[in-house]
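Q: Please take a close look at one part of this structure and set it in the context of the whole chain. A connected account for a structural biologist would be welcome.

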Amino acid sequence: ILCAMWASASLSGTVAVGSSLATLTLASLVASAILLSASFSRDQVKYNREEILDRFRKKYGDNLDYVRGLFIVTMSPFVIMYMTLSMINQLVRRVGVNPCSQPSTDSNEPNHTASIFTIRTRKHIEKMKSWDRSRVLTIAVYWGIAYMILQVICAQLTIVFLSWLIDKTADFGLYAVTGIMMGVGAVMFLLPPVPGVPVYLALGIVLTAQGHQTVGWIGAIFYSTGIGLVLKLIASALQQKMIGENLSHFVSIRQFVSVNSNMMRAMKLVLKRHGLSVSKVAILIGGPDWPTSVLCGIMRLSLPQIMLGTTPVVFLIFPTCLTGALLFMASLETESGNPQFPWVGTAAAITASLTAMVQFGSMIVAAYYLERAADKCKDEIEAIEIDQEVKEADDRDELMRNCYKAVTQWRVVPLFMKTMLLSSLAMITASCYMVQFFASMCFIEHSLTDSVQYNLGGNPLNIFLPLGWVAIGLFSAATMFLWMFCTWGKAQARKRAVSETSVPIIA
């Protein structure tokens, strides 16, 4: 799902491929679930489900709260609907309108008093009550914040800025535009949330527009692809050496990225191998641009080997630049007002879909090989030296983590702070649903080939419609409420830690 979110944000502005990718991913998940359900009997499904869940708990027990948080922020409206229907169902059973309905109480329970929910729903609720609810709800809000940043900052504002840049450089020469795009692209690559695909798409539009009369259409497409590759390699080197290696001097940063975790050491094991391999290339291409390169710097990996492994990104850059070129060609008209190239609209959709396949596919392959390395290369991973400074920092923070967990147990959290956290969750869920399902009511449709002057009245913020501003407001309020809850929790944890040790805890 996270892969789909990143790919969707990367492909915004390309003939709605981003939305199509998200829809296709969701449909694939639903179809897979239906197919698996239809392939087994009820007993087999129950047995296999329990076996799979048991293995999943053993392997990912520490990370299950992240899955639960994602479930809450994406499905909470449906959970509320499910509970409402359960209440209606239980009411019908208690009234006795339908003599064939199931009993409203469980004969195995010592107290036969009927609840407002059905037996099955009560079991689900009891299961959810066993969760660390404060932690799960906090993670759910963080998921929503990440989604809003990707879909609003990355997807919308990046496209607006690049379309403005395309418009401003329309009258410049090829080499002047190349220099401008190289500089702007390098700066954008240095921003953590900005994906690379919109930059390649802009290169395909701008450099093809300026270069097709000089080097021809095919030459302009290959020229933009070459510039995109050079830009990516330069940006990756800057991210790795200038940002990543400088950040590696800070223990808190290495601790934050969990350099001692099995997944990070598996990633280091794959990336430090010399030469090219499918796993290495998939991680470097499929991973988010800024985080992947910066992590390479934090882990002090060889720059030439990382550059070599990054070079196959040309297979992502080429279809993206080709899509940009086709989008520019689609905007050209003859003197009579007819499209000069009537076939390019369909071709652009095909090449954009190819870009999505490369981007999304490389993410899936990267995840597969990381998981495989973690499972199959345990001895090699264990042989990788542990960062002792990070381990000591983790040990020092263990008391604070335990204290924070203790003071944020749902049963001891004050009503006011519970309200803050639940309000934060409600607001971030509402904003995410608005942006995802009512995008046409939140944003003016704007692509890289549109003019900011004509489409947005010269003001980039005009891309937000009234409902879009409501979503932004809810997002901001949810972030503030979450910050208040976490600040309260940390303050209470420090008080508890001080009471449990004679050593003062530094904030």
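The account that follows centres on one helix and its surroundings. Which helices do the buried residues of H11 pack against, and which residues of H11 are buried?

A: The model is predicted, and its confidence is best stated before the details. Across the protein chain the pLDDT averages 81, and 83% of the residues score at least 70. Over residues 4–9 the pLDDT is below 50, and this stretch has 30 contacts in the model beyond near neighbours in sequence. Residues 15–32 likewise stay under 50, with 20 contacts beyond four places in sequence. Among the elements of the chain, helix H2 (residues 17–39) has the lowest mean pLDDT, at 46, while helix H18 (residues 415–437) has the highest, at 93.

The overall architecture is helical: the secondary structure comes to 21 helices and 0 strands. Of the 507 residues in the chain, 44% are buried. Among contacts with a separation of 6 or more, 78% join residues 24 or more positions apart. The chain exposes about 27000 Å², of which carbon and sulfur atoms supply 65%.

Helix H11 spans residues 278–286 and is mostly covered, with 8 of its 9 residues buried. The buried residues are Ser279, Lys280, Val281, Ala282, Ile283, Leu284, Ile285 and Gly286. They pack against five elements: helix H10 (262–271), helix H12 (289–298), helix H13 (303–310), helix H14 (314–330) and helix H15 (344–376).

One residue of H12 shows this packing in detail. Thr292 lies in helix H12 and is buried, since its relative accessible area is 7%, below the 20% cut-off. Leaving aside residues up to four places away in sequence, Thr292 touches Met267, Ile283, Leu284 and Gly287. Of these partners, Ile283 and Leu284 are among the buried residues of H11.

The loops in this region contain two residues with an uncommon backbone angle. Most residues other than glycine have a negative phi. Ser258, however, has a positive phi near 60°. Ser258 is found in the loop between helix H9 (251–256) and H10, and is partly exposed, with a relative accessible area of 34%. Arg300 also has a positive phi, near 55°. Arg300 lies in the loop between H12 and H13 and, at 46% relative accessibility, counts as partly exposed.

Helix H14, one of the elements packed against H11, also takes part in contacts with helix H8. Thr225 is found in helix H8 (residues 197–247) and counts as buried because its relative accessibility is 6%. Beyond residues up to four places away in sequence, Thr225 touches Val314, Ile317, Phe318 and Cys321. The C-alpha atoms of Thr225 and Val314 are separated by 7.3 Å, although the two residues are 89 residues apart along the chain.

Aromatic rings provide a further link between H8 and H14. A pair of aromatic rings is described by the distance of the centres and the angle of the planes. The count in this model comes to 11 aromatic pairs. One of them, formed by Trp217 and Phe328, is tilted, with 6.1 Å from centre to centre and 45° between the planes. This pair links distant parts of the chain, as Trp217 is in helix H8 and Phe328 is in helix H14, 111 residues apart. Trp217 is partly exposed, with a relative accessible area of 25%, whereas Phe328 is buried, at 14%. The rings of Phe341 and Trp343 have their centres 6.3 Å apart and their planes at 80°, so this pair is edge-to-face. Phe341 is buried, with a relative accessible area of 16%, while Trp343, at 49%, counts as partly exposed. Ring pairs link Trp217, Phe328, Phe341 and Trp343 into a cluster.

Elsewhere, a nonpolar patch of about 370 Å² is found on the surface, made by Phe71, Met75, Phe78 and Met81. Met75 lies in helix H4 (residues 64–95) and counts as partly exposed, at 32% relative accessibility.

In summary, H11 is mostly covered, and its buried residues pack against H10, H12, H13, H14 and H15. Helix H14 holds Phe328, whose ring pairs with that of Trp217 in H8.

Definitions and conventions
Residues numbered from 1 in each chain as written. Predicted model: local features only at pLDDT ≥ 70, side-chain atom pairs only at ≥ 80, totals over all residues. Heavy atoms only, no water. Buried < 20%, exposed > 50% of the residue type's maximum accessible area, 1.4 Å probe, protein only. Helix = DSSP H or I, 4+ residues; strand = E, 2+ residues; numbered from the N terminus. Contact = heavy atoms within 4.5 Å. Patch = residues over 30% accessible without salt bridge, like charges linked within 9 Å, V, L, I, M, F, W, Y side chains within 5 Å. Areas by Shrake-Rupley, 256 points an atom, 1.4 Å probe, with all protein chains shown as cover. Salt bridge = Lys/Arg side-chain N within 4 Å of Asp/Glu carboxyl O. pLDDT = per-residue confidence, 0-100. Phe/Tyr/Trp six-rings, centres within 6.5 Å; stacked < 30°, edge-to-face > 60°.
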